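This report looks at a few residues and at the salt bridges of one chain. The structure is shown first, and the description follows.

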Amino acid sequence: MGSILSKGKKNESKKEVTPPMVQVTPDTMAVLPVEKPKSDAPVKQDDQKEQKGKEKVEQPQPQPAKVESSNKEAKEPVKLPDESTSKAADPVVAVVQVKSEETKVEEKTSYAKTRRFLVGGNWKMNGSKSLIDKITEALNGESWAETTDVFIAPPSVYWSYTRGKAKKEIAIGAQNIFYEKSGAFTGELSVEMMKDLNVDWAIIGHSERRNIFKETNEIIAKKAAYATNNGINVIVNIGESLSEREDGKWKDVIFEQLKSLVDGGVKDWSKVVLAYEPVWAIGTGKVATASQAQESLSVIRKWINDNVSSQVANEIRILYTGSVNPSNCGELSQCADCDGFIVGGAALNASDLVAIIKSRS
């Protein structure tokens, strides 16, 4: 009986005791001590070593607990960005932005370079065969940049004579046209007549036509639409009076003049040239400063960009007209949005006209 009891005790002492689960607190991540198994029977020294070895092997290692907390910044490990990409990200974005601005400037400069420089001489109600001989002879003996276009606009009775005297690089222009093909319109000139006499350009909307002959924005727009629809290049003059400039209304005046062209049916903008004409500088000897001219020219180009298209705005030629002469043409020609001139009084002097034609080159 005693032997049976002793065997039972031995067996009980050899039973493996499963260690309790490790408890981890979220805040401290502390591991509670593992309770050692108890036995009623005495354990030999060798058994103790063996038992300790088992405990070391079998004891599970504490694992980090998953903690759910509203304060994630304090208790969740922070993920650091990959240095290989994060460090390069900001400079790359900055470079792209800088290039974007540079590209805009480069594109504007590029378009300005591709727009051909244009100089036209408006003789108004002046001229004679002898004057035509003198001026065409001087122009025929000159050369200018291949990227510069030149035309002269004598009174219509001299179209054929001037065409016969000027070299082919010089185009002929009309000072006015009408918006009908033919009919009972006394004193008017048609697009068909221009074509018949090899006249390539038509000046429309000059301030003298607006003020003396009371041509409205609507009439001027009808002329521009009819001419361009029938293959003629037009130069539409726009600009403000001195009072409109001083009252701060000059932009409104210009915008209304431009809007009338859109409303009036101008479609082929490749045949349209705009000429900014500060009326207060016509025949007065006064001239807008280069900064005033550039401000007005850029305002016109921006309106075209916003109300017609960016392509038209980039490609359309905008001229300055208003007491242009050899002494001021150089500075004015360097304005970013100035693509040439319509010349009045100076166009009746051969050497002055040549100097203005060559101002860009």
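E142 is partly exposed, with a relative accessible area of 27%, where partly exposed lies between buried, under 20% relative accessible area, and exposed, over 50% (1.4 Å probe, protein chains only). This is a predicted model, in which local features need pLDDT of at least 70 and side-chain atom pairs count only at pLDDT 80 or more, while totals for chains, interfaces and linings use all residues. Residues are numbered from 1 along each chain as its sequence is written, and side-chain values use heavy atoms, with hydrogens and water left out.

E142 forms a salt bridge with K358, a salt bridge being a side-chain nitrogen of Lys or Arg within 4 Å of a carboxyl oxygen of Asp or Glu. By this rule the count comes to 14 salt bridges, including those in the table.

| Pair | Closest N to O distance |
|---|---|
| E142 and K358 | 2.7 Å |
| D339 and R115 | 3.0 Å |
| E240 and R245 | 3.0 Å |

K358 is also partly exposed, at 31% relative accessibility, whereas D339 and R115 are both buried. In the third pair, E240 counts as buried at 0% relative accessibility, and R245 is buried at 17%. Through shared partners, salt bridges join R115, R301, D337 and D339 into one network.

E240 is also among the residues that V253 touches, together with G239 and E244, when residues up to four places away in sequence are not counted; contact here means heavy atoms within 4.5 Å. V253 itself is buried, at 18% relative accessibility, and its C-alpha lies 7.3 Å from that of G239, although the two are 14 residues apart in sequence.
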